[in-house]
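I set out to look up where charged and nonpolar side chains sit in this model, and I wrote down each step as I went.

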Amino acid sequence: MAMASSVKVVLGSIAFAIFWVLAVFPAVPFLPVGRTAGSLLGAMLMVLFRVITPDQAYAAIDLPILGLLFGTMVVCVYLERADLFKYLGKLLSWKSKGAKDLICRICLISAISSALFTNDTSCVVLTEFVLKIARQHNLPPHPFLLALASSANIGSAATPIGNPQNLVIAIQSKISFGDFVIGILPAMLVGALVNAILILCMYWRLLSVQKDEEDATGEVVAEEDVHSHRFSPATMSHSPSFNSQSQEWNSRMESMNGSTAHNDTLRNRVNSADHNEILSGSVDSARNSNASKEATNKNVESDAFSVESSEKREKLSTRWKRRFWKSCVYLVTLGMLISLLMGLNMSWTAITAALALVVLDFKDARPCLEKVLKNKKYSRKALVSEVLSD
């Protein structure tokens, strides 16, 4: 291979230096364009300085790598929606036996998840659960975050989909998925074990210190005794002399005015009869109103029961649909991994799995694709590493 001219070497070095500065320091004062624009600027300068021709630049873009990256990112987004990483976070604290046990669990789970779902996804999603567990047990977070980051980088080396650089190596060298895993997996396991031992040795004394349990985790409810004083109404007593005088007065009035008393009794009977008729009418009206109220209450109760039963049916159906969709996501992901181990084309296998998940979702795929497109560093790494290294 002929050596390039010194002019091309100098211009190519300048273009690469500009890319490197913008990639490492995306907010430089003189050109705050960010990493993505800096990567494209570096690739464009390679063509403008005539270090490579436009045809060579297009040929350096490997579409199978970009397709595999896109497919795996879509699958990771749907796995996150299916609460897979939530279950992994719960597994971190399930029957935990202390801080040292938690360090070992983080090293193991982050290494395995990064090998299957890329290291960046594992770090971003599991960091929230690690911080939450450390806060609940009142532990310092930095040993656990260091274990997560280092184990994720070590575990991502085990598979071609664990890291974008692995994709370039596997596809350019035409190494199958199974051969790649068989060759790297033993070294990855040894590296993860050594990493866990080193972190335990570094923070053994810090993790052995007994911390006070976190306050304000439980609800403290003060019980107050409430004494209610009930007073019985007073009863008035009547004197016997007053009763006897009233009886004598009544007897005299009856003897003197017999006819008047007879008329009064007749009037009282008539009044009592009228009063009984009024009472019976009021009782009947009260019965009718109570019956109407009972009927109305029954109708309201039946309507409320029907609404509640319909809501329960909707919740039950939604829950079963959610479970069915999660099972489909897990089965599609498992089928993708089995197909990759069988030696099928990695790019088309990942794209097929991504399209299957989009179809099974029965929703607009725009939010999912927007979330994938936000993470542009995968495609940027693949493109720049090939264009600038040509």
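**Entry 1: the positive patch**

I began with Arg-135, which I found in helix 7. Before going on, I noted that I am working with a predicted model. I then looked for the company that Arg-135 keeps on the surface, and I found that Lys-86, Lys-90, Lys-132 and Arg-135 gather there in a patch of positive charge. When I asked which elements give two or more residues to this patch, I came to helix 5, residues 84-93, and helix 7, residues 119-136.

**Entry 2: salt bridges**

How many salt bridges does the structure hold? I looked them up and recorded four.

I took the pair of Arg-81 and Asp-361 to begin with, whose side chains meet in a salt bridge with a distance of 2.9 Å from N to O. Arg-81 lies in helix 4 (residues 63-81) and Asp-361 in helix 14 (residues 346-361), so this pair ties together parts of the chain that are 280 residues apart in sequence. I also found the two side chains listed as joined by a polar contact of 2.9 Å.

Is Asp-361 buried or exposed? I noted a relative accessible area of 8% for Asp-361, and because buried means under 20%, Asp-361 counts as buried. For its partner I wrote down a different label, since Arg-81 is partly exposed, with a relative accessible area of 29%.

**Entry 3: the network around Asp-83**

I turned next to Asp-83, which forms a salt bridge with Arg-322, and I noted that the closest N and O atoms of this pair are 3.4 Å apart. Asp-83 lies in the loop between helix 4 and helix 5, while Arg-322 lies in helix 13 (residues 258-341), so the pair ties together parts that are 239 residues apart in sequence. I recorded Arg-322 as partly exposed, with a relative accessible area of 33%.

I then saw that Lys-326 also forms a salt bridge with Asp-83, with the closest N and O atoms 3.0 Å apart. This pair again links distant parts of the chain, as Lys-326 is in helix 13 and Asp-83 in the loop between helix 4 and helix 5, 243 residues apart. I checked the cover of the two residues and found that both Lys-326 and Asp-83 are buried. Putting these entries together, I wrote that Asp-83, Arg-322 and Lys-326 are linked in a network of salt bridges.

**Entry 4: a serine in a loop**

Where is the place of Ser-173? I found Ser-173 in the loop between helix 9, residues 164-172, and helix 10, residues 177-202. At 38% relative accessibility, I entered Ser-173 as partly exposed. I also looked for what its side chain approaches, and I noted that a polar atom of the Ser-173 side chain lies 2.3 Å from the backbone oxygen of Ile-169.

**Entry 5: a nonpolar patch**

Last, I looked for nonpolar residues on the surface, and I found a patch of about 400 Å² that is made by Phe-16, Trp-20, Val-24 and Phe-25. I placed one of these residues, Phe-25, in the loop between helix 1 (6-24) and helix 2 (34-48). With a relative accessible area of 46%, Phe-25 went into my notes as partly exposed.

How values were computed: Residues numbered from 1 in each chain as written. Predicted model: local features only at pLDDT ≥ 70, side-chain atom pairs only at ≥ 80, totals over all residues. Heavy atoms only, no water. Patch = residues over 30% accessible without salt bridge, like charges linked within 9 Å, V, L, I, M, F, W, Y side chains within 5 Å. Areas by Shrake-Rupley, 256 points an atom, 1.4 Å probe, with all protein chains shown as cover. Lys, Arg positive; Asp, Glu negative; His and termini not counted. Charge placed at Lys NZ, Arg CZ, Asp CG, Glu CD. Helix = DSSP H or I, 4+ residues; strand = E, 2+ residues; numbered from the N terminus. Buried < 20%, exposed > 50% of the residue type's maximum accessible area, 1.4 Å probe, protein only. Polar contact = N/O pair within 3.5 Å; in protein donor to acceptor, adjacent residues only side chain to side chain.
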